[in-house]
Amino acid sequence: MKRIAAVLLLWIAVFGGLALYMKRLETKRPAPAPEPPRIESPAVYALEVTTTFNVEPDPFALRTDDSGKPAALLVRIAEREIMRVAEVQAGIPVRAEPVAGIIQGMNEFFVEANMPLDTTGKSVALRMRLIGDGLPVAEQTFWSEGESRIAGTFRVGLDKDKEGNKFHHDK
Amino acid sequence: MIKRLLVLSMLLVAIAACPGVFAADPAGRAQKKPVLVCSTTQVADFARQVVGDRCVVQCILAPGADPHTYLPTPGDEKMVRGADLCLQNGLHLEGNNWMGKLAKDAGKPLIVCADGIPPIEVEYGGNRVSDPHAWFSPRNAAVYVNNIVRAISETDPAGREEYEARTRLYLQTLRVLDGWIREQVNRIPPQQRILVTSHDAFNYFCREYHFNAKQGYLSLAPVGWSTGSEVGAGMTPERRKQVIESIRQFGAPAVFVETSVNPKLIREIALEAGVEIGGELYSDSMGKAGSAGETYVGMMRENVITITNSLSRKAEKR
């Protein structure tokens, strides 16, 4: 009987000790650093997208419901959609205005557009322009890479210094 | 001795009580996996790409079997009775609706994977028939896959995220496959893009990749859309004669046999028309396990390589 009691005691000691150790590790973990404050830029922004091809819905999109056509042109900042269009004509700019949520600091616009499958292999382009208070702020052109889809990230850094607004964008 | 045994058995009980030690599935998932029973090899492959190892995917047709003329066996009935979800191609590919009947008799839900695809309608002797071989265009394959992911997500909602993640990746694979086919086909001069096969299975392929311009971008074959006995199916002497004339008139450099169709007829036609056999294509069924055509992507890749190698070689000779 003594042996059984000893085994049980050993069992409790080992697992109890382990549990206490794990709990201590949890409490010792440093608190996450607070996020820097997001300061919205005061200007009124518009986003303009022009393509050299007719933009069509993507036949290879995941469609988990039957609701309408999938987006042919989609622009988003993180998970927030800025622009979602089902069809776009070549050379005709599509504009979203005003674009809310532009912050001082780095802004990333993710863009994806689908071209007709017949144009696969041909070189086509998509131009994005950010316009602030009616003036062009930044622009970037994305080129296709032989696929039926253009996807890219348009990065625009908005800094406020003593001279007023100063913009830069990463290519 | 008894005490020692007692201690040992207590230890074993304690170890067994630890979560996960004797569990077959480390994630603690239920043992019973949903069972999907598919009619054709293509549908089964699409289903496997979507569900991975989360479900059991079974296929009624063996590689190389003909879905138009297939007669279900008692074994198939048993298989369908054990299904949580049945999947078929639709558009009458399954001759005399054999899959629909099996699912109905067993009282199982049935998904038609080709639902939502605008069918190519072909006229045979005054009858208009929808061509069921829609998977020959990767953009239609994307519709099959989307129909499957929707259906299985309803059957097993807990796995929805997993299914959608796999489907997203597979759809990208189909996109790349489509781009690659266009690039390969582009090696053949447009006037040399003549595809003559055993039966009318390649209408969607011809239309997507611009083969058989003089035929209105449709298949050229001695046997109709089905190898069975449905309307517009089978072979007639007029049709045979017309194909031989078309081969000569269009200047087809080669004809192709199909893995799931008896090659005798197309060989006779090749001999009579004085053209070569360009190779063997996967059509109504994919290849055996271990072969290059055992998956949809592999089957399409092998077909395109066979077609482009044969037709571009002939184009160079001219």
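Select strands β4, β1, β6 and β7 of chain A: together, in that order, these 4 strands make an open sheet with antiparallel pairing. The model on screen is predicted. Colour β4 (94-96) and β7 (135-143) of chain A next, since these stand at the edges with a single partner strand each, so that one side of each has no neighbour in the sheet. From one strand to the next, the twist averages 15 degrees.

Within this sheet, display β1(A) together with strand β6 (residues 125-132) of chain A; the two run antiparallel and are joined by 7 bridges. To inspect one position, select Glu48(A), whose bridge partner in β6(A) is Arg129(A).

Before leaving chain A, colour the chain by confidence. Its mean pLDDT is 83, and 88% of its residues reach 70 or more. Among the elements of chain A, strand β1 (residues 45-51) has the highest mean pLDDT, 95, whereas strand β9 (residues 164-170) has the lowest, 50.

Turn now to chain B. This chain contains 10 helices and 8 strands, and buried residues account for 44% of its 318 residues. Of the contacts in chain B between residues at least 6 apart in sequence, 62% join residues at least 24 apart.

Select β2, β1, β3 and β4 of chain B, which form an open sheet of 4 strands in that order, with parallel pairing. The edge strands here are β2 (56-59) and β4 (110-112) of chain B, each of which pairs on one side only. In this sheet the twist averages 25 degrees from one strand to the next.

Narrow the selection to strand β1 (residues 35-38) and strand β3 (residues 85-88) of chain B, a parallel pair held over 3 bridges. Leu36(B) stands opposite Leu85(B) in β3(B). Add helix α4 (residues 98-106) of chain B, which packs on the sheet and touches β3 and β4 of chain B; the direction of this helix makes about 170 degrees with that of β3(B). Then add α5(B), which lies across β3 and β4 of chain B and runs at about 170 degrees to β3(B).

The next selection divides the chain. Colour domain 1 (35-176) and domain 2 (188-317) of chain B separately. The centres of these two domains of chain B, taken over C-alpha atoms, are separated by 24 Å. Where they meet, 30 residues of domain 1 of chain B are in contact with 28 residues of domain 2 of chain B. On the side of domain 1 of chain B that touches domain 2 of chain B, the elements giving two or more residues are α2 (41-51), β5 (121-124), β6 (127-130) and α5 of chain B. Of these, α2(B) gives the most to that side, with 4 residues.

What lies between the two domains of chain B? Select the largest nonpolar core, which has 85 residues; Ala47(B) and Ile148(B) have the most contacts inside it. Helix α5 (residues 138-155) of chain B supplies the largest share of this core, 9 residues. Domain 1 (35-176) and domain 2 (188-317) of chain B both give residues to the core, so it lies between them.

Centre the view on Ala47(B). Leaving aside neighbours within four places in sequence, Ala47(B) is in contact with Leu36(B), Cys38(B), Val57(B), Leu87(B) and Ile148(B). Apart from the largest core lies another core, of 28 residues; to see part of it, select Val55(A), Phe109(A), Leu126(A) and Ala138(A), which are among its members.

Conventions: Residues numbered from 1 in each chain as written. Chains lettered and ligands numbered in written order. Predicted model: local features only at pLDDT ≥ 70, side-chain atom pairs only at ≥ 80, totals over all residues. Core = buried A, V, L, I, M, F, W, Y, C linked by C-beta atoms within 7 Å. Buried ≥ 20, exposed ≤ 12 C-beta atoms within 10 Å, placed from the backbone. Domains from an automatic or database assignment. Contact = placed C-beta atoms within 7 Å. pLDDT = per-residue confidence, 0-100. Pairing = 2+ DSSP bridges. Axes fitted to C-alpha atoms, helices over the stretch in contact; angles between N-to-C directions.
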